[in-house]
Amino acid sequence: MSIQQATAGGMPVLILKEGASQTKGRDAQKNNITAAKLIAEIVRTSLGPRGMDKMLVDTLGDVTITNDGATILKEIDVQHPAAKMMVEISKATDNEVGDGTTSVVVLAGALIEKAEELINKDVHPTIIVDGYRKSAAKTIEVLNGIAQKVAGNEKNELVRIARTSMQTKIVSRDAEGLAQIVVNAALAVSEKTETGYKMDIDDIKVEKKAGGSISDTKLIKGIVLDKEVVHGGMPKRIEKAKIALINSALEIEKTEFDAKINISSPDQMKMFLEEENRMLKSMVDKVIKSGANVVVCQKGLDDIAQHYLAKAGILTVRRVKESDMTKMARATGARMVNNLDDLSSKDLGIAELVEERKVETDKWVFVEGCKHPKSVTILIRGGSQRVVDEADRSVHDALMVSKDVLEKPAIVAGGGAPEAYAAGKIREWASTLSGREQLAAEKFAEALEAIPLALAENAGMDPIDTLTELRSKQSKGAKWTGVDARNAKVADMSKLDVVEPLAVKEQIIKSATEAASMILRIDDVIASSKSGGGPAMPPGGMGGMGGMGGMDM
């Protein structure tokens, strides 16, 4: 039915078209709050080192097994618009800082749940939002006050941080070795700037291949190309490689317009073919003249050119991705050449070894031993495709936290310690506020404690006992007391080497507060039908939104 509004005179006025629906006031808020809480509930059990994994099966039957918050929410097809906002904060946190994707959703869910208690006591959402925003700013101030400053490129610190980010994943047993690999890769590609360090995550190529075990993962000071050598007659291994990166095709270009050549005798035909050969040979001669013994070509390679290159003993790879060409240039110091006439010995890159190797069933070309590579490769191995995929996600998180600390060298302990400490400080600060904002600040403190609580619950600890012990130890000045989920007890997390970047904590607080504030401010949901004036929506549905979590309209 179409939605009508009556004027003072009792005249009905048609506002929304056929099939549209509207939920107002408390109902709209309740639906949005429930949807957001449900999303938080899904990922809550996967938080921390004792968190469980989720198995996600998509419409094609592809299986993903993970406990990475962003991956879980990306793979489940969320329809409810308020729930989509929770998915977005998780995705944004993943892109920005790489870790804390589960924590941000758990915290946003807790903030919304605590706000609901206040709304039920007739506290206006705007007051709650204002209180939350002030509390978030205060929390960040508290965290900055207790954060420990480190040297950005201090290897041991970075290894501690990378290891912590992997402790919650399937690769936790191999976390030590993987953390070393990740940090070595991060330090290799990081660059010193006036203000500190900067690092581009794209400079680290992550290749994954099932087979072997996670402990077989290795760092290659160079690039792995998932291509094979183009010609059987070419060498499969070249030491002291001089590498030419060619951006153009080593083949005769076809004309853009139709051209007909009239050939009246076999001699002319022979001359025509010989000319083609000569052109290709002159291309290859230019490569030989430059002194290159390895050619990496982004485009096609003619069979005859392959023959001449093989004859000259030049290892050649073709149709390499542009991103890989850029990484090759950064790793070997080569310059990408668009025109063969420009190729000279100055443009060549250098590597100790270029070799074709078999990785499981595929043949890949390894470019190793580059002097000061500004681009490196991590080759991840694992028992099965699922394990390799999860290891890849873990390595990505570890790389991101290393980047966070390189760029903002400050760390806090993990295990829910900073959240619990900030909660105590917010409670003290709340007493200085006046009016109802004080209630919102107290609820913010309670929501912060949802992180240590979830860690404790997932480790099978008693949540109330844990929280009481945590508060008591922190009030006595042990600020790094957190939940040691591995041993199911409350302990000093900094002594256990569980540390996280301050940047991650700040991002979690900001994103969760903003998402919660946005959802709380909504008091009206108007959903249009999919097709203009078409048939009315199915019951309980919200035109094209797949039955918004059973919203009663």
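# Spaces, rings and a helix

Guide: Let's start on the inside: the largest cavity has a volume of about 40 Å³. The model is predicted, and local features need pLDDT of at least 70, side-chain atom pairs count only at pLDDT 80 or more, while totals for chains, interfaces and linings use all residues. Residues are numbered from 1 along each chain as its sequence is written, and side-chain values use heavy atoms, with hydrogens and water left out.

Visitor: What makes a set of points a cavity, and what makes it a pocket?

Guide: On a 1 Å grid over the protein atoms alone, a cavity is a set of points where a 1.4 Å probe fits but cannot get out, while a pocket is an open set with protein on both sides within 12 Å along at least five of seven lines. Residues with an atom within 4 Å of a point are the lining. Grid points are joined across faces, edges and corners, and the volume is the space filled by probe spheres set on them.

Visitor: How many cavities of 30 Å³ or more does a search of the whole structure find?

Guide: Just one. Its lining is made by Thr 139, Leu 143, Glu 419, Ala 422, Leu 448, Lys 505, Ile 508 and Ile 509. H5, helix H12 (417-430) and helix H16 (502-520) each give two or more of these residues, and H16 gives the most, with three. The names come from DSSP runs numbered from the N terminus: helices are H or I with at least four residues, strands are E with at least two.

Visitor: How do the residues of that cavity's lining divide into nonpolar, polar and charged?

Guide: There are five nonpolar, one polar and two charged. Ala, Val, Leu, Ile, Met, Phe, Trp, Tyr, Cys and Pro count as nonpolar, Asp, Glu, Lys and Arg as charged, and the others, Gly among them, as polar. Glu 419 and Lys 505 line the cavity, and by that rule Glu and Lys are charged.

Visitor: What about the largest pocket: what volume does it have?

Guide: About 570 Å³. Its lining has 33 residues, with Gly 48, Pro 49, Thr 164, Thr 168 and Glu 500 nearest the centre. Helix H6 (155-167) is one of the elements supplying at least two of them, and H6 gives the most, five residues. By class, this lining has nine nonpolar, 14 polar and 10 charged residues.

Visitor: And which residues lie nearest the centre of the second largest pocket?

Guide: Glu 41, Arg 44, Gly 109, Ala 110 and Glu 113, out of a lining of 14. The space there is about 260 Å³, and H1 gives the most residues, six.

Visitor: Why is H6 described as largely enclosed by the rest of the structure?

Guide: Because 10 of its 13 residues are buried, which means under 20% relative accessible area (over 50% is exposed, in between is partly exposed; 1.4 Å probe, protein chains only). Glu 157, Arg 160 and Thr 164 are among the buried ones.

Visitor: How do you know that the span of H6 agrees with what it should be?

Guide: The expected span of a helix is 1.5 Å times one less than its number of residues. For the 13 residues of H6 that comes to 18 Å, and the end C-alpha atoms are 18 Å apart, so the two agree.

Visitor: Why is Gly 51 called buried?

Guide: Its relative accessibility is 14%, so Gly 51 falls under the 20% limit. Gly 51 sits in the loop between H1 and strand S4 (54-57).

Visitor: Why is the pair of Tyr 132 and Phe 444 called edge-to-face?

Guide: Rings of Phe, Tyr and Trp (its six-membered ring) pair if their centres lie within 6.5 Å; planes under 30 degrees apart are stacked, over 60 edge-to-face and the rest tilted. Tyr 132 and Phe 444 are 5.7 Å apart centre to centre, with 65° between the planes, so they pass on both counts. The pair links distant parts of the chain, H5 and helix H13 (residues 437-448), 312 residues apart. Tyr 132 has a relative accessible area of 0%, so it is buried, and Phe 444, at 1%, counts as buried too.

Visitor: What makes Lys 281 count as lying over the face of Tyr 308?

Guide: The rule asks for NZ of Lys or CZ of Arg within 6 Å of the ring centre and within 35 degrees of the ring normal. Lys 281 lies over Tyr 308 at 5.6 Å from the ring centre, and Arg 357 lies over Phe 366 at 4.6 Å.
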